[in-house]
Amino acid sequence: MFSSKIAGIGMYVPSNVVTNNDLTRYMDTNDAWIQERTGIKERRYAHRTKETTTTMGVEAAAIAIERAGITPQDIDFIVFATLSPDYYFPGCGVLLQRALKMREIGALDVRNQCSGFVYALSVADQFIKTGMYKNILVVGSEKHSFGLDFSTRGRNVSVIFGDGAGAVVLQPAANEAQGILSTHLHSDGESAEILAMYNPGTHANYWTANKVADFTEAEVGEMFMSKEMIDNAQNFPYMDGPAVFKKAVVKFPEVIMEALTANNLTPADIKILIPHQANLRIAQFVQQKLGLRDDQVHNNIQHYGNTTAASVPIALCEAWQDGKIKEGDLVCLAAFGSGFTWASALLRW
Ligand code: UT7
């Protein structure tokens with residue numbers, strides 16, 4: 001069995017910088033509230049018509065492929081993680097396959113929101129380990145700005161999210177001690193409706209009746225998307241922020257310790273922790289709980305906001321570009337979010 005290593009990494013963020021003050025034009029919010037509660041100063045928004053989740057993924061992927069010293073035609077398999085796909089279906093994987101003029105390879109889309117990239121990485125790792133594929137492209141990309149409620153009603157969610165993409169190329173490692181040491185995936189569907197976008201969907205109020213959505217049978221009707229749903233902001237993400245926060249600060253340290261324990265390592269062995277950039281306060285809490293120094297954690301939510309499936313590869317790429325990761329370093333990736341799902345990966349660079 002080969003373990004898999006990251007042979008190339010890339011990121012892409014749109015050029016349009018949106019500050020906290022910019023958001024005050026649309027909703028009742030302010031820079032102090034956003035920075036105090038989340039650490040975010042600014043985020044990037046994709047061009048409304050000239051950029052999509054896929055095109056941003058393509059930009060990041062092209063860099064990762066080039067840095068791996070291969071071409072798009074060498075890629076054997078695509079795993080694309082996003083919650084903001086270009087189409088309801090088909091997924092972004094096939095659009096990326098087309099855009100990069102790849103061979104007729106398999107393309108898999110992963111729907112695990114904030115932990116999507118770590119899940120995607122884990123899937124790709126298994127295909128490398130079995131020897132089935134040699135070059136796998138793993139992408140996390142989001143165009144949140146197209147689907148947020150920019151009125152005051154949606155401010156607790158909309159100020160947090162930003163757009164961007166990150167990608168890696170996975171290849172077989174030279175030896176067992178290098179590359180991905182282990183991945184750890186979890187879910188708890190009990191809290192599925194706490195952080196979710198309910199519509200459009202096929203549930204017809206099945207899960208949400210008397211819970212969060214308040215539609216009568218007649219209102220829901222047989223429609224995929226009704227005027228009532230739009231009037232009730234059901235086409236925008238819903239989040240019970242405090243409930244997510246409480247769970248995140250428990251599950252992040254738990255899944256990181258699970259990874260370390262499985263490899264007979266301790267927090268002191270971590271060169272750098274790349275936590276999903278959900279909220280700077282969550283990352284700081286996790287850092288404190290694990291007794292990590294500032295130089296052992298990479299945060300960039302201040303500049304990009306929460307980019308969901310893209311946040312881990314963007315932060316990993318940036319940390320690597322900043323020279324914070326060298327060969328032989330122990331890197332820990334961890335994420336928690338909608339589902340709930342949470343996951344970690346431990347890598348020897
Ligand atoms: O990556 C996916 C996973 N997501 C997360 O991990 C998010 C976890 N949760 C959080 O990060 C935090 O809960 C938030 C940043 C979303 C919210 O912070 P909070 O400290 O939990 O605030 P809150 O939701 O309890 O709201 C406090 C107050 C409310 O006003 P009242 O009821 O006290 O008068 C909100 O209406 O802040 C108000 N508020 C805002 N004020 C200004 C909510 N959003 C805003 C806003 N600007 N954008």
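A residue counts as near a molecule or strand if one of its heavy atoms lies within 4 Å of it. This is a predicted model, so to speak of local features a pLDDT of at least 70 is needed, side-chain atom pairs count only at pLDDT 80 or more, and totals for chains, interfaces and linings use all residues. Residues are numbered from 1 along each chain as its sequence is written, and side-chain values use heavy atoms, with hydrogens and water left out.

The ligand is a good place to start. Around it sit 20 residues, and those that come nearest are Thr29, Arg37, Cys114, Asn279 and Asn306. Sorted by class, this shell holds 11 nonpolar, seven polar and two charged residues; here Ala, Val, Leu, Ile, Met, Phe, Trp, Tyr, Cys and Pro count as nonpolar, Asp, Glu, Lys and Arg as charged, and the others, Gly among them, as polar. Both domain 1 (4–172) and domain 2 (179–191 + 239–348) chip in, each with at least three residues of the shell; the bounds come from an automatic or database domain assignment. Helix 2 (31–38), helix 6 (155–158) and helix 9 (241–262) each supply at least two shell residues, and helix 9 gives the most, with four. Helices (H or I, at least four residues) and strands (E, at least two) are DSSP runs, numbered from the N terminus.

Three side chains make polar contacts with oxygen atoms of the ligand, a polar contact being a pair of N or O atoms within 3.5 Å. (Within protein, one atom must be able to donate a hydrogen and the other to accept it, and residues adjacent in sequence count only if both atoms are side-chain atoms.) For asparagine 279 the distance is 2.6 Å, for arginine 37 it is 2.7 Å, and for histidine 276 it is 2.9 Å. Taken alone, the ligand exposes 960 Å², and the protein buries 72% of that; accessible areas come from the Shrake-Rupley method with a 1.4 Å probe, and for residues only the protein chains shown count as cover.

What about the packing around helix 3 (residues 53–67)? Glycine 57 has its place in this helix. It counts as buried because its relative accessibility is 0%, where buried means under 20% relative accessible area, exposed over 50%, and partly exposed in between (1.4 Å probe, protein chains only). Leaving out residues up to four places away in sequence, glycine 57 touches Phe80, Leu96, Val139, Ser141 and Ala165, contact meaning heavy atoms within 4.5 Å. Its C-alpha atom is 8.3 Å from that of glutamate 142, 85 residues apart along the chain. In helix 4 (residues 92–99), the buried residues are Cys92, Gly93, Leu95, Leu96 and Gln97. They pack against helix 3, strand 4 (77–81), strand 5 (106–110) and strand 6 (136–142).

The backbone has a few oddities too. Most residues other than glycine have a negative phi, and most peptide bonds are trans. Lysine 101, just after helix 4, takes a positive phi of about 50°. Asparagine 264, in the loop between helix 9 and strand 11 (272–275), has a positive phi of about 55° and is exposed at 73% relative accessible area. Threonine 308 has a phi near 50° but is buried, at 1%. As for cis bonds, one runs from phenylalanine 89 to proline 90, with omega near 0°, and another joins glycine 339 and phenylalanine 340, with omega about -15°.
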